[in-house]
Amino acid sequence: MLKFVGLTFVTIFSLLLSVSAQAKSTIPNHAVILLYHHVDNKSPDITSISPDMFSQQLAYLADNHFQVWPLEKIVNALQIKKPLPDKVVAITFDDSYQSVYENAYPLIKKYGWPFTIFVSTNAIDQGYNHQTSWQQLQIMASNGASIGNHSATHTHLLKRSNSETLPQWQQRITSDIERAEQRIVEKIGYSRKMFAYPYGEYNRDLTELVDQLGYTGFGQHSGAVGELSGFLTIPRFPFSGRFTRLEDFALKLMTLPFPIKEVVAADAPLDHRHSKPTLTLKWESPPPAFASLQCFGSNQGKLTVTLSTHNQAVITPNEDIPVGRSRYNCTASMTDNDNSERFYWYSQPWIRLDVNNQLILD
């Protein structure tokens, strides 16, 4: 679940909308993946959407002719560069809360749409409060749901004990992920090899491990997914709390992935003294829209963006990023062939250690 303070949608787009010169660009092959946790009026607001608002969002998809595809179908198509229709989305849920079965599933079933639930298997096996049962997951799986891996323990996978070596950590995390996959196969009957990082936390060591185990990896940072996306850190748009308004939903559905060939960023977690991390985005042939590139940081608003003649943008914060989780969101406007304004979107998550260089994430 998400616990960091996000950026307001209005803040991100208010300055972009003032850009007077917009250029038409070819729409890249892409899709948008939606992420939900609770679909409930009584659960924590920061990870929840009301059933009524969720119903409105589904109706918007149907009324505006979006195609809802299975998550694995989207990923497979993008990996082999198979063209997708412009308006393709996937619906995903993390943590397998009871409200998914009771409130979200009946609404999705009316449309006959597929969706994906990433489950933490220990919580289901131990009957934690507000969790679906295996029987309920089996019912949903027989009616269009795919079941993905969210680890067995749902712990902060980046955390190591003081005495834990890298090989020991790798062995522990491998056991955690594979134990969950084994339970999914036992109870659901298949393995999709899709893994959603608990809390959206990952670093180079973890993504390399997920890759070695043969999984596709999904984060909780925002943005559309395209052919050039990293398939170990696929973005998804979270919808909860104040980020559930229909206006926001509609704009995010039409976002596009940046055609970036390389991202240069410090690996997580950042030393406490590394308080102003630089993000560098590189591309082979930037579209004209990149002249409108603007970036915003958690708790500090607009960031400094320097465009160079070497086909890259360097993004630097003006203030220290907060301890724990934060992110930079970068957007650039464009006008499509229907003269509609749309936005490229890229999100970079950060994790910064505290003053004692400890990983504080709870």
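## A walk through the predicted model

Strand 20 gives the largest share of the lining of the largest pocket, seven residues. The model is a predicted one, and this pocket is a good place to enter it.

The largest pocket has a volume of about 920 Å³. Its lining is made up of 41 residues. Which of them lie nearest the centre? They are Tyr202, Thr233, Val263, Tyr346 and Gln348. Four elements each supply at least two lining residues: helix 8 (204-212), strand 13 (262-264), strand 19 (324-335) and strand 20 (341-352). By class, 21 of the lining residues are nonpolar. Another 13 are polar, and seven are charged. How is such a space found at all? Rolling a probe the size of a water molecule over the atoms shows where empty space is left.

Strand 20 also takes part in a salt bridge. Side chains of opposite charge can pair when their charged atoms come close. Asp86 and Arg342 form such a salt bridge, with their closest N and O atoms 2.8 Å apart. Where do the two partners sit? Asp86 is in the loop between helix 3 (71-79) and strand 5 (88-94), while Arg342 is in strand 20, so the pair ties together parts that are 256 residues apart in sequence. The count of salt bridges comes to 13.

Next comes a pair of helices. Helix 4 (residues 98-111) packs with helix 6 (residues 134-141) at an angle of about 35 degrees. Their axes are 10 Å apart. The crossing is left-handed. On the helix 4 side, the contact is made by Gln98, Val100, Tyr101 and Tyr105. On the helix 6 side, Gln136, Ile139 and Met140 meet them. What classes do these residues fall into? Five are nonpolar and two are polar, with no charged residue in the contact.

Last, look at the backbone. Most residues other than glycine have a negative phi, and most peptide bonds are trans. Three places here depart from that pattern. Lys81 has a positive phi, near 60 degrees. Lys81 lies in the loop between helix 3 and strand 5. The loop between those elements also holds Asp86 of the salt bridge. Lys193 has a positive phi too, of about 55 degrees. Lys193 is in the loop between helix 7 (166-188) and strand 8 (194-196). The peptide bond from Ala268 to Pro269 is cis, with omega near -5 degrees. Pro269 belongs to the loop between strand 13 and strand 14 (279-282). Strand 13 is one of the elements that help line the largest pocket.

Key:
Residues numbered from 1 in each chain as written. Predicted model: local features only at pLDDT ≥ 70, side-chain atom pairs only at ≥ 80, totals over all residues. Heavy atoms only, no water. 1 Å grid on protein atoms, 1.4 Å probe; cavity = no way out; pocket = protein on both sides within 12 Å on 5 of 7 lines; lining within 4 Å. Points joined across faces, edges and corners; volume = space filled by probe spheres on them. Nonpolar A, V, L, I, M, F, W, Y, C, P; charged D, E, K, R; others polar. Axes fitted to C-alpha atoms, helices over the stretch in contact; angles between N-to-C directions. Left-handed = near helix turned anticlockwise from the far one by under 90°. Contact = heavy atoms within 4.5 Å. Salt bridge = Lys/Arg side-chain N within 4 Å of Asp/Glu carboxyl O.
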